[in-house]
Amino acid sequence: MSSNLYQNDIAFELQIKKIDESRQGETLTAARPTGIRSNGKKYYIESYGCAMNFADSEVVASILAGAGFDATTDHNDADLVLINTCAIRDNAEQRIRHRLQHFNSVKKRKKGALVGILGCMAERLKEKLLVEEKILDIVAGPDAYRSLPDLVLEAETGQKAVNVLLSRDETYAEINPVRLNSNGVTAFISITRGCDNMCSFCVVPHTRGRERSRDWRTIVEEARDLYNNGYREVTLLGQNVDSYRYSDDNGLVGKKLVNAKYDDNVVNFAKLLVLVAEVAPDLRVRFSTSHPKDMTDDVLYAMAKYPNICKYVHLPVQSGNTRVLELMNRSYTREWYIDRMNAVRRIVPDAAIATDIIVGFCSETDEEHQDTMSLMDMFRYELVYTYAYNVRPGTTAAKKYEDDIPEEVKKRRLAEVIEMHRSHTLASNQRDVGKTFEILIEGVSSKSEEQLFGRNSQNKVIIVPRGNLKPGQYVYAKVNSCTSGTLIGEVVEGM
Ligand code: SAM
Ligand code: SF4
Ligand code: F3S
């Protein structure tokens, strides 16, 4: 689960943990808080999309638990089936429509059972979804989760219940997310909601609304709470964490602060990182996603100074060509991006760097695609999330540019990116053989009950023999061998 977590168009084994396909469709279990009486109804929730959506499902679980709902992991047993959806590409939406067909059987079997859609697809399609998917009773957008208990009551009367209002200040700041389905070691903390960047290809600003920063005190409190409950790693989440800005005067709407005088009243992302890192020296802090136009040296200096701020930066480039970047409305050039990457290398030399790449954006030529490849060759990313451009209705690109790159060309470019990345990760893993890293043990390896896995600061997964180790423990692991996907090691006394 590193911070930022999306599904690759062409899946291949990656050695660095991400919020990946293995979590898509994950269900969440949750207990009712003490003192809240059961309302006799059970809910089931399934999540898709990015880390922010998974974090939102934990907020939803908390809101429903507070209203007396009990959780179930068996949708056949549920009175309320919820799907928290993603709209980033068409295939994400198609997947959810297929899933809805499956839930039709629940409704048929259990009289009165309700089915609801939450998240980005709900926001994108709104009431239209109710017409297209007859099975649906509830549609709730990302800023409407506090109203869910009321929407359920409304739907129980036989009406279709919809709330897709976007808010300029909702951050669910004081809601304590429910984490019961987690590994008890790592957790997400949302620090901003929405996005103001308006990249021309992207649906997120349309589905999640304006950017808002959450009160830093509630973030630090949540991190402390998690630490006191045994968690040892938090990932601070936002579509663009670098634009985090909170002040008591007008902090709720991040943009208002752009012209505000910088003073001690304002907590920016570098300050927030330090505040969270100081919760405890053995609480690891990760963050995602960084934006090249906003990532400051101050953030990098904070990373360099605090050993518990993990040495991993997710800095999506999207394209290595300035003309394409301009069409994408990314607000930086190839040269600016190279400067930011060099700053990371200079200030945090041991940092691993991940990126996102879109191939086949409108009018991208083969030469322009080669600019992306040359950037990859220059920086040899530890992890690359690759996507073929997919038109999203309502976005600037959909309105202004033609999706003129043939599918087979997109596929070929995608395969080239993936092939180059595969060779880089294998070489990087081979360089790690013989080295010793501190790792945080997270759980049992998917390959064998006799092995555990943990991650180093650079976000690489290392498999070690189980021994007497427990999740949540820090140990030193010496890497003995590797594949292009995995580091295999043993526990040693020290570095
Ligand atoms: N906020 C992050 C940033 O700016 O880098 C990324 C968030 S977005 C949810 C995740 C990734 O999906 C993007 O970085 C981009 O590579 C990819 N993506 C978004 N819209 C896309 C589209 N229309 N077609 C293909 N990939 C897309
Ligand atoms: Fe989408 Fe761009 Fe915002 Fe990322 S920064 S969420 S790519 S609009
Ligand atoms: Fe995330 Fe998908 Fe929405 S990537 S912000 S859940 S469109």
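**Confidence**

I began with pLDDT: this is a predicted model, and the protein averages 90, with 90% of its residues at 70 or more. I then looked for the weak stretches. Over residues 1-21 the pLDDT is below 50, yet I find 95 contacts in the model for this stretch beyond near neighbours in sequence. Residues 251-262 also stay under 50, and here the model has 24 contacts beyond four places in sequence. Where pLDDT is low, the predicted coordinates should not be read in detail. I left the contacts of residues 1-21 and of residues 251-262 at that.

**Helices α8 and α9**

I looked up how α8, residues 269-277, sits against α9, residues 297-305. The two pack at an angle of about 15°, and their axes are 8 Å apart. Angles under 35 degrees count as roughly parallel, so α8 is roughly parallel to α9. I noted the crossing of α8 and α9 as right-handed. On the α8 side the contact is made by F269, A270, L273 and V274; α9 contributes D298, V299 and A302. I sorted the contact of α8 with α9 by class and have six nonpolar residues, one charged and no polar.

**The loop before α9**

I checked the peptide bond from S288 to T289 and found it cis, with omega near 5°. T289 is placed in the loop that lies between β14 (284-288) and α9.

**The open sheet**

Next I traced an open sheet of three strands, in the order β15-β16-β17, and its pairing is parallel. Which strands stand at the edges? They are β15 (312-314) and β17 (383-388). Each has a single partner strand, so one side of each is left without a neighbour in the sheet. I took the turn between neighbouring strands of this sheet as well: on average it is 10°, direction ignored.

For the pair β15 and β16, the latter spanning residues 352-359, I have three bridges in the parallel sense. In this region I also noted that Y312 stands opposite A352 of β16.

I followed the chain into the loop between β15 and α10 (322-327), where Q318 is found. Q318 has phi near 75°, a positive value in a residue other than glycine.

**Helices α11 and α12**

I did the same look-up for α11 (residues 334-347) and α12 (residues 366-379). Their packing angle is about 10° and their axes are 12 Å apart. That makes α11 roughly parallel to α12. Here too I recorded the handedness, and the crossing of α11 and α12 is right-handed. From α11 the residues in contact are R334, Y337, I338, M341, N342 and R345. From α12 they are D371, S374, L375, M378 and F379. By class I have six nonpolar, two polar and three charged residues in the contact of α11 with α12.

**The barrel**

I then went to the barrel. It is closed, has five strands and runs β18-β19-β20-β22-β21, with mixed pairing. From one strand to the next the twist averages 55°.

I looked at two of the pairings. How many bridges join β21 to β22? There are six, between β21 (residues 474-482) and β22 (residues 487-492), and the two strands run antiparallel. β21 and β22 form a hairpin, and I have four residues between them. For the register I took two positions. S481 has I488 of β22 as its bridge partner, and K478 stands opposite E490 in β22.

The other pairing I looked at is β18 with β21: five bridges join them, and they run antiparallel. As a position for this pair I took E438, which stands opposite Y476 in β21.

**Helix α14 on the barrel strands**

Last, I asked which strands α14 lies across. Helix α14 covers residues 407-432 and lies across β18 (436-444), β21 and β22. I have α14 running at about 115° to β21.

How values were computed. Residues are numbered from 1 along each chain as its sequence is written. Chains are lettered from A and ligands numbered from 1 in the order in which they are written. This is a predicted model: local features need pLDDT of at least 70, side-chain atom pairs count only at pLDDT 80 or more; totals for chains, interfaces and linings use all residues. Side-chain values use heavy atoms; hydrogens and water are left out. Axes are lines fitted to C-alpha atoms, for helices over the stretch in contact, and angles run from 0 to 180 degrees between N-to-C directions. Angles under 35 degrees count as roughly parallel, over 145 as roughly antiparallel, 65 to 115 as roughly perpendicular and the rest as oblique. A crossing is left-handed if the near helix is turned anticlockwise from the far one by less than a right angle, and right-handed if clockwise. Contact means heavy atoms within 4.5 Å. Ala, Val, Leu, Ile, Met, Phe, Trp, Tyr, Cys and Pro count as nonpolar, Asp, Glu, Lys and Arg as charged, and the others, Gly among them, as polar. pLDDT is the predictor's confidence in each residue, from 0 to 100. Two strands pair if DSSP finds at least two bridges between them.
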